[in-house]
Amino acid sequence: MAKRAKHKAPAPLVVLDSGCALDFRFSPELRRERETVRRLAHRVVDLLADSGHHGWLADSVAGDLTCIADDIVLNSVTDLVREACAPRKAVSRG
């Protein structure tokens, strides 16, 4: 008897772990859909603003800016290290 390959069920787009805390996780497939994630983020901003949750929105934006700042600092420091490690070009003295 030949074995049949099992078909893997697709991962759900959103997983909800309920309990004391609410935790959403997006599937890898959804995370790769840049425009869908962008539209979802804009929609969530609209929902927060329209429902008067400006504090939550401000906290979210502050967290996002922290991530961006981390990237900026990391990239700047990496550039400085690469610059220091690069072989120096000979300077003509003339």
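## Chatting about two pockets and a helix pair

Tutor: This is a predicted model, and its second largest pocket holds about 160 Å³ of space.

Student: Okay! Which residues line that second largest pocket?

Tutor: Its lining is made up of Phe26, Arg31, Val37, Leu40, Ala41 and Val44. By class, that gives 5 nonpolar, no polar and 1 charged residues.

Student: And which element gives the largest share of that lining?

Tutor: That would be α2, with 4 residues.

Student: What about the largest pocket, what's its volume?

Tutor: The largest pocket comes to about 210 Å³. The elements giving two or more residues to its lining are α2 (34–50) and α3 (54–85).

Student: Which of them gives the largest share there?

Tutor: α2 does, with 6 residues. The full lining is Arg38, Ala41, His42, Val44, Val45, Leu48, Leu57, Ser60, Val61 and Asp64.

Student: How many of those are nonpolar, polar and charged?

Tutor: The lining of the largest pocket has 6 nonpolar, 2 polar and 2 charged residues. You can also spot Ala41 and Val44 in this lining and in that of the second largest pocket.

Student: Nice. New topic: at what angle do α2 and α3 pack?

Tutor: They pack at about 145 degrees, and their axes are 7 Å apart.

Student: Which residues make that contact?

Tutor: From α2 you have Val45, Leu48 and Ala49, and from α3 His54, Trp56 and Leu57. In class terms, the contact of α2 with α3 has 5 nonpolar, 1 polar and no charged residues.

Note on methods
Residues numbered from 1 in each chain as written. Predicted model: local features only at pLDDT ≥ 70, side-chain atom pairs only at ≥ 80, totals over all residues. Heavy atoms only, no water. 1 Å grid on protein atoms, 1.4 Å probe; cavity = no way out; pocket = protein on both sides within 12 Å on 5 of 7 lines; lining within 4 Å. Points joined across faces, edges and corners; volume = space filled by probe spheres on them. Nonpolar A, V, L, I, M, F, W, Y, C, P; charged D, E, K, R; others polar. Axes fitted to C-alpha atoms, helices over the stretch in contact; angles between N-to-C directions. Contact = heavy atoms within 4.5 Å.
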